[in-house]
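User: I'm new to reading protein structures, and I'd like a close look at just one part of this one. Could you pick a helix, walk me around it slowly and show me what it touches?

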Amino acid sequence: MAERTLKYRELIKRLKVFGVVEDRSRGKGSERLLTRIVAGKKYSVTTKCHRESDQKPKAVIKSIRRRLKLTPDDGVSDAAFYGE
């Protein structure tokens with residue numbers, strides 16, 4: 001399964017399945033902080049959200065997955081992540 005774009009709200013929905021928490025109060029302006037704890041270690045990344053219906057590019061999704069340890073190398077396949 002190749003990576004694809006997702007709307008922000010759909011991305012957050014998929015991330016929550018893997019224990020990612022969105023903190024709207026952190027970050028600057030339109031940024032949101034996403035955090036995930038894996039084996040007792042905290043991983044976090046910020047991302048922009050002007051509207052929840054905006055499409056997130058493939059590169060941004062790839063970066064978020066990499067920073068939150070949600071890649072195939074970390075045991076999360078593309079099919080599992082995209083729900084297929």
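Analyst: Happy to! A helix here is a DSSP run of type H or I with at least four residues, and helices are numbered from the N terminus. Keep in mind that this is a predicted model. Let's choose H2, which covers residues 58-67.

Start with the part of H2 that is hidden. Its buried residues are Ile 61, Ile 64 and Arg 65. When you look down the axis of H2, these residues fall within an arc of 100 degrees, so they line one face of the helix. There is a general pattern to keep in mind: an α-helix has 3.6 residues a turn, so residues three or four places apart point the same way.

What does that face meet? The buried residues of H2 pack against strands E1, E3, E4 and E5, and also against helices H1 and H3. Just beyond the end of the helix, H2 is followed by Lys 69, which has a positive phi, near 60 degrees.

Two of those partners, E3 and E4, belong to a sheet. This open sheet has 3 strands in the order E2-E3-E4, with antiparallel pairing. E2 and E4 stand at its edges with a single partner strand each, so one side of each has no neighbour in the sheet. Neighbouring strands are turned by 25 degrees against each other on average, ignoring direction. Between E3 and E4 there are 8 bridges; for example, Arg 32 has Thr 47 in E4 as its bridge partner. H1 packs on this sheet, where it touches E2, E3 and E4, and its direction makes about 15 degrees with that of E3. H2 packs on the sheet too, touching E3 and E4, and its direction makes about 165 degrees with that of E4.

Now go back to Arg 65, one of the buried residues of H2. Its charged end sits over the ring of Phe 81, 4.4 Å from the ring's centre. That ring leads us to a group of aromatic residues: Phe 18, Phe 81 and Tyr 82 form one aromatic cluster.

The cluster can be read pair by pair, and the count of aromatic pairs comes to 2. Phe 18 and Phe 81 are stacked, with 6.1 Å centre to centre and 15 degrees between their planes. This pair links distant parts of the chain: Phe 18 is in the loop between H1 and E2, while Phe 81 is in H3, 63 residues apart. Phe 81 also pairs with Tyr 82, this time edge-to-face, at 5.1 Å centre to centre and with 90 degrees between the planes.

How hidden are these rings? Phe 81 is buried, with a relative accessible area of 1%, and Tyr 82 is buried at 1% as well. Phe 18 has 21% relative accessibility, so it counts as partly exposed, since buried means under 20%.

One more arginine joins the scene. Arg 14 is found in helix H1 and is buried at 16% relative accessibility. Leaving aside neighbours within four places in sequence, its contacts include Phe 81 and Tyr 82.

Notes:
Residues numbered from 1 in each chain as written. Predicted model: local features only at pLDDT ≥ 70, side-chain atom pairs only at ≥ 80, totals over all residues. Heavy atoms only, no water. Buried < 20%, exposed > 50% of the residue type's maximum accessible area, 1.4 Å probe, protein only. Helix = DSSP H or I, 4+ residues; strand = E, 2+ residues; numbered from the N terminus. Arc of directions from axis to C-beta. Contact = heavy atoms within 4.5 Å. Phe/Tyr/Trp six-rings, centres within 6.5 Å; stacked < 30°, edge-to-face > 60°. Lys NZ or Arg CZ within 6 Å of the ring centre and 35° of its normal. Pairing = 2+ DSSP bridges. Axes fitted to C-alpha atoms, helices over the stretch in contact; angles between N-to-C directions.
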